[in-house]
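Here are my notes on this one, written for someone who hasn't seen it before. Have a look at the picture, then read the points in order.

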Amino acid sequence: MNKILLGLLLGAVLGAIDGASAWFTPAVRAQLAGIIIGSTIKGVIAGMAIGFFARKVHSLLLGIVFGLAVGFVLAFIVAQMQHGYYLEIILPGSIVGMIVGYATQRYGAPAAVQATTR
Amino acid sequence: MGVVYAAEDQMLERRVALKVLDVPTLNGDLALRLKREARVLARLEHPGIVPVHDVGTLADGRVFYAMKFVEGQRLDKHIESVPSLPDRLRLFLRICDAVAFAHACGVLHRDLKPANVMVGAFGEVLVMDWGLAKILRDSAPSEAPADPDAAIVQTPNALLSGSEAAQATAITGHGTVLGTPGYMSPEQARGDIAQLDQRSDIFSLGALLCFLAAGSTPQDASRLAWRKDKALDAICAKATANNPSERYSTVSALASDVSSYLDGLPVTAHRETILETVTRFYRRYTVPILLIAAYLVMRILLLLFSHR
């Protein structure tokens with residue numbers, strides 16, 4: 001499995017789980033389905049970006065930092081759209097980004113080297 | 001048996017190391033041994049074994065062979081600048097590669113020690129001094145005896161003191177000069193030549209491993225502070241077991257265990273407790289465990305605060 005696909009799948013799964021954790025907040029339980037879908041899409045976008053970064057840059061630390069940054073930015077945008085719950089959305093989103101950043105650096109096949117012909 | 005000089009190959013304009021027989025030859029046995037050493041090296045074409053370029057006789061009748069001039073440091077000096085244990089173990093794995101190749105070619109080194117390993121300027125690792133090598137399977141016909149032991153047994157020790165390696169060797173009870181104390185296997189120390197097989201080199205590699213891990217041979221127990229690390233200790237103990245049947249059967253098996261240790265995987269030499277398994281698992285996956293724990297802790301805290 002290549003790093004982009006790994007980032008995409010992991011981002012989707014963790015995003016969905018992260019979204020599902022909204023069930024513990026009774027005030028938003030009614031919108032749970034929408035939260036899960038939105039969180040999954042956010043995870044997919046973040047995972048793809050982080051996977052693409054991991055294909056280009058081989059550094060565990062930079063991968064985690066990039067994951068944190070992408071997770072933070074996307075979660076911040078979502079929180080802005082929700083007009084609230086900043087802490088509840090940004091904190092888990094950022095940590096999920098870091099986890100995906102770690103995983104794509106450690107695992108997943110690097111980009112195949114293409115043979116050049118003249 | 002010989003002296004190694006730095007020389008200039010004027011035809012190819014390169015530096016070479018020249019090993020020259022520098023002692024009087026009473027009956028030509030030593031000359032045959034040096035030629036045989038060159039032949040052993042010639043059959044071992046491997047990046048971790050110093051390549052031989054030429055063999056011949058000087059104008060004054062002394063036998064020589066020319067080999068690659070290695071610019072670097074002996075392993076015992078080199079590791080003073082390598083404090084990291086994983087880096088040292090990676091060096092060890094490269095030594096294992098070379099020795100495993102020699103064993104596959106039917107050759108035992110029989111004098112593996114830090115002084116006989118060179119680390120080049122670009123990090124290349126070369127196993128040197130195959131003067132005591134024993135050929136287990138000799139496929140090619142040779143004018144020299146396949147095993148030099150007969151020659152060694154009859155050679156007065158004084159004649160063997162020409163090189164540093166020869167000075168470091170020891171004499172066993174019945175006059176056989178083989179190996180270096182601390183690094184040679186018990187069967188080798190007894191002069192039990194018929195019993196020698198690749199497990200004798202594995203003992204030497206085990207002693208080398210202890211040296212790389214702790215800076216001392218296993219016999220020097222007082223300095224073994226690293227013995228807290230049970231897995232590495234068990235690998236060393238298994239490799240240097242007094243009974244050859246209790247050692248690793250192949251160099252590859254030893255290297256595999258060291259490699260597993262480096263990767264944070266279980267090693268065959270040590271049966272770990274549940275606590276050790278958990279500790280090893282944590283060391284191997286520290287970052288993801290901490291990240292997931294941070295996520296869960298954060299989630300719990302958010303839950304607690306949101307319900308207030």
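1. A word on vocabulary before anything else: helices (H or I, at least four residues) and strands (E, at least two) are DSSP runs, numbered from the N terminus. On that basis chain B has 11 helices and nine strands, while chain A comes to four helices and zero strands. Read from its N terminus, chain A simply goes α-α-α-α.

2. Please keep in mind that this is a predicted model, where local features need pLDDT of at least 70, side-chain atom pairs count only at pLDDT 80 or more, and totals for chains, interfaces and linings use all residues. Residues are numbered from 1 along each chain as its sequence is written, and chains are lettered from A and ligands numbered from 1 in the order in which they are written.

3. How confident is the predictor in chain A, going by its average pLDDT? The pLDDT is the predictor's confidence in each residue, from 0 to 100. Chain A averages 88, with 94% of the residues at 70 or above. Among its elements, helix H2 (residues 32–56) of chain A has the highest mean, 93, and helix H4 (residues 86–106) of chain A the lowest, 90.

4. Chain B has a mean pLDDT of 80, and 79% of its residues reach 70 or more. Its elements run from helix H4 (residues 149–154) of chain B, with the lowest mean (35), to helix H9 (residues 251–262) of chain B, with the highest (95). Over residues 139–175 of chain B the pLDDT is below 50, yet this stretch has 62 contacts in the model beyond near neighbours in sequence. For the complex, the predictor gives an ipTM of 0.74 and a pTM of 0.73.

5. Now for chain A itself. Its C-alpha atoms fill a box of roughly 60 × 25 × 20 Å along the principal axes. Of its 118 residues, 42% are buried; a residue is buried if 20 or more other C-beta atoms lie within 10 Å of its own, exposed if 12 or fewer, and partly exposed in between, with C-beta atoms placed from the backbone. Two residues are in contact if their C-beta atoms, placed from the backbone, lie within 7 Å. Among contacts in chain A between residues at least 6 apart in sequence, 72% join residues at least 24 apart.

6. In chain B, 36% of the 308 residues count as buried. For contacts in chain B with a separation of 6 or more, residues 24 or more positions apart account for 60%.

7. Which residues touch the most other members of the largest nonpolar core? A nonpolar core is a set of buried Ala, Val, Leu, Ile, Met, Phe, Trp, Tyr and Cys residues joined through C-beta atoms within 7 Å. This one has 64 residues, and the best-connected are Ile95(B), Val99(B), Leu205(B), Leu208(B), Leu209(B) and Ile235(B). Helix H7 (residues 198–214) of chain B supplies the largest share of this core, 11 residues. Apart from it lies another core, of 23 residues, with Leu10(A), Ile50(A), Leu291(B) and Tyr295(B) among them.

8. Take Val99(B) as an example: leaving out residues up to four places away in sequence, Val99(B) touches His109(B), Leu112(B), Val127(B), Asp201(B), Leu205(B) and Val251(B).

9. Where do the chains meet? In total, 11 residues of chain A are in contact with 11 residues of chain B. The chain A side of this contact has eight nonpolar, two polar and one charged residues. Here Ala, Val, Leu, Ile, Met, Phe, Trp, Tyr, Cys and Pro count as nonpolar, Asp, Glu, Lys and Arg as charged, and the others, Gly among them, as polar.

10. Chain B also has an open sheet of three strands, in the order E5-E7-E8 with antiparallel pairing. Two strands pair if DSSP finds at least two bridges between them. Strand E5 (72–74) and strand E8 (125–127) of chain B are the edges, each pairing on one side only. E5(B) and strand E7 (residues 117–120) of chain B are joined over three bridges, and Gly72(B) has Gly120(B) as its bridge partner in E7(B).

11. Finally, Arg110(B) has a phi near 70°, a positive value in a residue other than glycine. Arg110(B) sits in the loop between strand E6 (107–108) and E7 of chain B, and counts as buried because it has 23 C-beta neighbours inside 10 Å.
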